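Dear colleague,

I am handing over the structure below, and my notes on what was found in it follow. Please read them alongside the coordinates.

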Amino acid sequence: MHLSDLHFGRVNPRLLAPLARQVHALAPQVVVISGDLTQRAKSAEFRDARRFLDALPGTLVVVPGNHDVPLYNLFQRFFQPLGKYRRYISEQTEPVYVDEELAIVGLNTARSAVFKGGRVNATQLARVASRFSALAPGMVKIVATHHPFDLPAGHEARSLVGRARLAMDAFAACGADILLAGHLHASHVGDTAARYPIGAYAALIVQAGTATSMRGRGEANSFNVLRIERGRIDIERFAWTGPDFTVASRASFSRAAGGWRAS
Ligand SMILES: [Fe+2]
Ligand SMILES: [Fe+2]
């Protein structure tokens with residue numbers, strides 16, 4: 001399962017129990033949460049987020065978002081930007097999950113210097129490459145970040161993570177299959193071939209909307225479920241239709257030479 005932008009401090013409280021119930025019903029092996037767990041990086045918000053995460057089943061793979069870095073407390077912002085995140089959510093801001101079929105590497109794209117934007121650096125990309133290169137062929141390789149590498153139509157390029165092009169070259173070289181992200185509060189499924197023509201390479205782009213924030217930007221609260229087999233990935237988007245989250249759209253992709261294509 002892929003959840004994003006929970007934004008404790010600005011959640012719609014009616015959604016929390018139905019969301020937790022759905023995670024239990026779907027019983028995912030892994031739950032990826034692609035950042036923005038809080039609204040203003042306050043301790044009380046992180047505690048609420050922690051309580052919610054504690055009630056979820058499966059292995060959690062969580063990365064921070066820009067809202068998890070304090071904005072107004074300048075000492076914290078520049079000297080301990082993820083201090084509270086580390087205390088309440090995880091010491092590990094770049095978690096790794098590997099089983100016999102798939103590998104997930106989380107990257108922290110939140111930066112103190114810019115509140116909204118995010119970026120990756122060469123060290124992070126080298127870490128992804130070394131993780132993925134060590135895997136057996138056929139494993140599905142997933143990168144989880146808060147800021148997106150590609151965008152749905154209508155979003156400006158400045159929402160892209162900084163150094164996205166450098167990252168895509170690294171991902172193509174090590175064969176990253178799926179890029180999970182959030183931040184936009186807009187759902188999107190597509191592939192990277194159009195924005196980043198790198199031979200026949202195409203990674204799957206999966207954006208989750210906000211699962212629980214009041215700021216849906218015109219879109220219902222939502223999350224994604226990915227069912228992954230070696231040569232095939234089925235993605236379901238669940239959207240809040242009150243009193244529950246229900247399946248709103250489906251997409252399937254199969255592995256072709258160089259990358260993933262809609263099937
Ligand atoms: Fe957000
Ligand atoms: Fe964000």
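Donors here are N, O and S atoms within 2.8 Å of the metal (3.2 Å for Na, K and Ca), and since water is not among the atoms, sites may look incomplete. Four donors count as tetrahedral if all angles lie between 85 and 135 degrees; four count as square planar and six as octahedral if opposite donors are over 155 degrees apart and all others between 65 and 115; anything else is irregular.

This is a predicted model, in which local features need pLDDT of at least 70 and side-chain atom pairs count only at pLDDT 80 or more, while totals for chains, interfaces and linings use all residues. Residues are numbered from 1 along each chain as its sequence is written, and side-chain values use heavy atoms, with hydrogens and water left out.

The iron ion (ligand 1) has as protein donors Asp-5 (OD), His-7 (NE2), Asp-36 (OD) and His-185 (NE2), at 2.0 to 2.3 Å. The angles among these four donor atoms run from 87 to 178°, and the site is irregular. Asp-36 also bridges to the iron ion (ligand 2), the two ions lying 3.5 Å apart. His-7, at 0% relative accessibility, counts as buried (under 20% relative accessible area, 1.4 Å probe, protein chains only), and His-185, at 4%, counts as buried too.

Turning to the interior, the largest nonpolar core (buried Ala, Val, Leu, Ile, Met, Phe, Trp, Tyr and Cys residues joined through side-chain atoms within 4.5 Å) has 31 residues, of which Leu-37 and Leu-53 touch the most other members.

Best regards

Terms used:
Chains are lettered from A and ligands numbered from 1 in the order in which they are written. Buried means under 20% relative accessible area, exposed over 50%, partly exposed in between (1.4 Å probe, protein chains only).
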